[in-house]
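Got your viewer open and a selection box ready? Here's a short walk through the chains, one selection at a time.

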Number of protein chains: 4
Amino acid sequence: MNSFGRIFRISIFGESHGECVGITIDGCPAGLALSPEDLLPDLERRKGGKQKGTTPRQEDDFPIFKSGVFNGKTTGFPITILFENKNIRSEDYSKQRSIPRPGHADWVAHQKFGGNEDYRGGGHFSARLTAGIVAAGAIAKMLMKEVSIIAEVTAVGGEADIEKGLQKAINAKDSVGGIIECRVNGLPVGLGEPYFDSIESVLSQIVFAIPAVRGVEFGTGFAAARMFGSEHNDSIQNMKGETKTNHAGGVVGGISNGNELVFRLAVKPTSSTPKEQNSLNWDTKQTEDFSIKGRHDLCVALRAPVIVEAVTAIVLADFMLLEQKIKRVL
Amino acid sequence: MNSFGRIFRISIFGESHGECVGITIDGCPAGLALSPEDLLPDLERRKGGKQKGTTPRQEDDFPIFKSGVFNGKTTGFPITILFENKNIRSEDYSKQRSIPRPGHADWVAHQKFGGNEDYRGGGHFSARLTAGIVAAGAIAKMLMKEVSIIAEVTAVGGEADIEKGLQKAINAKDSVGGIIECRVNGLPVGLGEPYFDSIESVLSQIVFAIPAVRGVEFGTGFAAARMFGSEHNDSIQNMKGETKTNHAGGVVGGISNGNELVFRLAVKPTSSTPKEQNSLNWDTKQTEDFSIKGRHDLCVALRAPVIVEAVTAIVLADFMLLEQKIKRVL
Amino acid sequence: MNSFGRIFRISIFGESHGECVGITIDGCPAGLALSPEDLLPDLERRKGGKQKGTTPRQEDDFPIFKSGVFNGKTTGFPITILFENKNIRSEDYSKQRSIPRPGHADWVAHQKFGGNEDYRGGGHFSARLTAGIVAAGAIAKMLMKEVSIIAEVTAVGGEADIEKGLQKAINAKDSVGGIIECRVNGLPVGLGEPYFDSIESVLSQIVFAIPAVRGVEFGTGFAAARMFGSEHNDSIQNMKGETKTNHAGGVVGGISNGNELVFRLAVKPTSSTPKEQNSLNWDTKQTEDFSIKGRHDLCVALRAPVIVEAVTAIVLADFMLLEQKIKRVL
Amino acid sequence: MNSFGRIFRISIFGESHGECVGITIDGCPAGLALSPEDLLPDLERRKGGKQKGTTPRQEDDFPIFKSGVFNGKTTGFPITILFENKNIRSEDYSKQRSIPRPGHADWVAHQKFGGNEDYRGGGHFSARLTAGIVAAGAIAKMLMKEVSIIAEVTAVGGEADIEKGLQKAINAKDSVGGIIECRVNGLPVGLGEPYFDSIESVLSQIVFAIPAVRGVEFGTGFAAARMFGSEHNDSIQNMKGETKTNHAGGVVGGISNGNELVFRLAVKPTSSTPKEQNSLNWDTKQTEDFSIKGRHDLCVALRAPVIVEAVTAIVLADFMLLEQKIKRVL
């Protein structure tokens, strides 16, 4: 299913080189002042246009509202937003059609969908689908003005100095992975449930929906596995629940505890590396050397922070509605 | 919500020191030969009775079938399984009632549920709820005899030699965390979807439902963030989709590719450490030193592999039913 | 699936002649004072013990709380309630095993579940499963003290004088159908949505879950199909939205309008009629004459009003939670 | 929520006088040959252009595929279809803005959405939203070539001679209601579940999503309430489950029994009657006489059969996928 959420619910659709990509947001409260321009800052960040290490494709990611907004305000009904596809060079991709690209979904898509998938530019698997998610995230943020969500790249290619990490990839004529950290402040205590609807469960579900994410950790995360209990436990300091340390990353028992929510995710290197590769050609049924043409990011992690913020905002807005911390009509 | 799954759907209930804990499994195919005894091996592993580092509490985790099984076979209707609570010493826990235990859900539960939560032994937050999940997992495994799911502790307290890690904790009179790795073989190609129902998304949602899990990674995971694309890409070798390396851990584009599914998770140290701690007393509104009595695991990771296998089996059985790889009537 | 609801969510399980029937209620607000005794009045009505036209089976429908209630209050976690099965005479039913009973699910269950279904007394199809639904309904009513929900039998066997209708059936040594009307007062304006989550949609989904219901109509219902628009339209009289007539039955555009919510449902005659019947014997593969033994209601409609009230309360409590008219912690 | 379905899942959006109306269909199997032209016959029936009693508005209901179809076949990913709005005269509606139209959702929408709703032509409540539903229904029918679904108007204004019923309305300068009957042949035995996912439950949920529907009955329906059990029971004749009569309308215990599925629904008279009415003016806070301008159907039931077929097909395709009677890849 291409939908996510219980009350604030998103559904994505579209293909990289089809007519458009888009999203429908159902359950957004009525009465939110909203224009396409409100979404542009986050959409610009996703495009990452002038950033070193991101592709020059400029899709004019302008959000076209098709429903759910009237007289400049949300109506409470589904908001459908389209992003038209322009500036497409499908021929670049069709050249590789006989070689399912390593690291991409070409091979599995072909098996699962019986060859009916739109393979151009990754089709429905393309990271271009995240444009809609970023739009929904920007709306979710507008519903929670008191909450601050900030995601940043904290390492590229193993280097905390990100420029250095990128230069390593440029020198190697290769792509490279990275780490993103997200910090949320201003959350109320009490969002989330134990078990399947824990903050970690619901957040990780949508975080792994971001293409190229390979790992997620909350608070101290994997390092916690090397710690003693007495080190890891966060001592509660006062009746507001503030803790001395924040190894838990703001979530205990699946529920927000009012401290900063912190999580990190690992992004693999862009699968479309400029380097020559060897893999199967399903026409000849033999492996062969080849290289991938087209425009690709050196490091997909660079564009991802705004997407991470978006999915976080989507999850939190949903929890806030469920816990009656956001009203149905503003 | 305390439910998970689309076709093979589980719902958990109960409290650590209440009448019972239990689970209802809806959507299990009809015609599976099933008796309580089939579940005992995995339930025994969860209890971890004789293992160093696990608590001596022996709950007689015998599964009582209340519905859904007739003449020794599943009927296709909901299977409700209870585990009665015996051998309970609530007084151990009530002593700490005025001090919300660090690392536990005491404080958030109190805030979220307005003091109505059953606090005895963690109540509904208790890892005892995983007895039902292990039972459901054992049933899910029986539906997929051709699939092998094996989870193991691969490190304790940062030591690959697990005995050594445990001894460190014993020496320090403290609890300690660990790493679990799960490997699945025999999966068909094509389970999962891109985005919200990717294998990573759905698995991580339920993996984070296991108390104490702080991080999840697939394939090479966090290490992928330090790699070049040419290193990380798995070269496809033949028409079966076998790859030379398995950095992807068996999932590409959210979809199983027929190679071994591999993921790891970080388990924090047991929150109930034998060590003295300092935290808030909500009666005095001051922090104070205290120590936790009662029976607790040195390292909760030790009992967790069978739970990890269970949640993995639950997810995979659900995907297999959705993809029509398991029949509705056996 | 045997679950229903979005926030106030119920899951039923059990078989007529198995260990028990039961229900789990997830999403009930924390802090509701609740004891088994609170449920007895409605459960008594369901049993209909002394009523002419209902079966003498007295199951001691005592609700056993297994989870979710602590110190006499709901905790906010799943409430599981069991009703043990006693006083069972399975042999009455097994006699008819080779003849799938007309009007019952015997034949379809056998086909769908491959012969694995528990056929004793209807198994999971038995109206005994409604005990749990009535319990959940009683809890839902307690959450909405300002709302009055009253369902009544308004006709039996085509007679508004219900005694007369029953006597007709007794004279004919047959069973008979009936009509139930439900009226709800005190609802806020604004529950429900247009389309799939309209009050009519959601209510009818659960009303048809009551065994033997064959039709549902809202307000003027089927009679509306014979009316002119000018007759059927309800003229709004004042700023509270009170209407002169109530042909709409309190719902317009799927949304409650603050007037009395009115709907009616048709209940078929009890399928287990005392009369001799002719139907297939699947052993001989021939039709044959037979008659059904055992204890059965003359008119199942007589017990149904409390079930209708229950499902109505369940739906409305769910809408009230979604619309933030009931708090998550009381 | 504006979504419906478990595997074959639809989501509708749009407003009558906004940019467009549309639908997204998720979960449609891959490999179905599909073009916009395939949908035109059913869409034409919905417009009912030349029929007496339907409005002359000709919206050019041409379905624009935005995603999910590639090289003339479905890809297995979400299919989004838009219908652009043209030929709109919003001024007709704005004239009545101060008088919430009786029978319409104007008043409840205003209360529920705080005045943010798009009121033009009914906005999201408009029957124009059913264009998307009809498109999805046409696709669902294509997935089940062996199943025949036929809905027809069987009465208008209480007259089985439909022309006569319409003439009555024309003479009275009023609108009028009607009855629709739907008959499905070729269904396999075993679709549906007892309780909440019974065929009746799921069908009625979506049938009541059709604007103006006020009642639903299956098989003999409301008439069953006047019958004896021995009359109503359908005697099974042979090992295929064929019954002598079909009072059950093809569903027993919520499950299809292989006989013809039959249900009927009541459609209220068009709320926008040409007749003068008296109702509240919320500016003056007084009732007043007024009449509704604009183009409206004499009898909305006339356009509804194709919508009834569509929702039926949507439900059945979903059940067929769940029961593995339709493959995920064709």
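We'll start with chains A and C, move on to chains C and D, and end on a pair of helices.

Before you click anything, keep in mind that this is a predicted model.

**Stop 1: chains A and C.** Show these two chains and hide the rest. A rotation of 180 degrees, with 0.0 Å of shift along its axis, lays chain A onto chain C at an RMSD of 0.0 Å. The two copies are therefore related as by a two-fold rotation axis. Which residue of chain A comes closest to that axis? Select Gln324(A): its C-alpha is 3.1 Å from the rotation axis.

**Stop 2: where A touches C.** Now pick out the contact residues. Chain A puts in four residues, and chain C puts in four as well. On the chain A side you'll find three charged residues, one polar and no nonpolar. Why can we say the copies meet through the same surface? Because 100% of the interface residues of chain A are also interface residues in chain C.

**Stop 3: chains D and C.** Swap chain A for chain D. This contact takes 87 residues from chain D and 87 residues from chain C. Which element gives the largest share of the chain D side? Select 199-207 in chain D: that's helix α6, and it supplies six residues of the side touching chain C. Colour the chain D side by class and you get 39 nonpolar, 36 polar and twelve charged residues.

**Stop 4: a strand pair across the chains.** Stay with C and D and select 213-218 in both, which is strand β10 in each chain. The two strands run antiparallel, with three bridges joining them. To see one partner pair, zoom in on Gly215(C), whose bridge partner in β10(D) is Glu217(D).

**Stop 5: two helices inside chain C.** Hide chain D and select 199-207 and 304-322 of chain C, helices α6 and α8. They pack at an angle of about 140 degrees, their axes 10 Å apart. That makes α6(C) oblique to α8(C), and their crossing is right-handed. By class, the contact of these two helices has eight nonpolar residues, one polar and no charged. Turn on side chains to see who meets whom: from α6(C), Val202(C), Leu203(C), Ile206(C) and Val207(C); from α8(C), Val308(C), Val311(C), Thr312(C), Ile314(C) and Val315(C).

Terms used
Residues numbered from 1 in each chain as written. Chains lettered and ligands numbered in written order. Predicted model: local features only at pLDDT ≥ 70, side-chain atom pairs only at ≥ 80, totals over all residues. Contact = placed C-beta atoms within 7 Å. Nonpolar A, V, L, I, M, F, W, Y, C, P; charged D, E, K, R; others polar. Axes fitted to C-alpha atoms, helices over the stretch in contact; angles between N-to-C directions. Helix = DSSP H or I, 4+ residues; strand = E, 2+ residues; numbered from the N terminus. Parallel < 35°, antiparallel > 145°, perpendicular 65-115°, else oblique. Left-handed = near helix turned anticlockwise from the far one by under 90°. Least-squares fit on C-alpha atoms with pLDDT ≥ 70 in both. Pairing = 2+ DSSP bridges.
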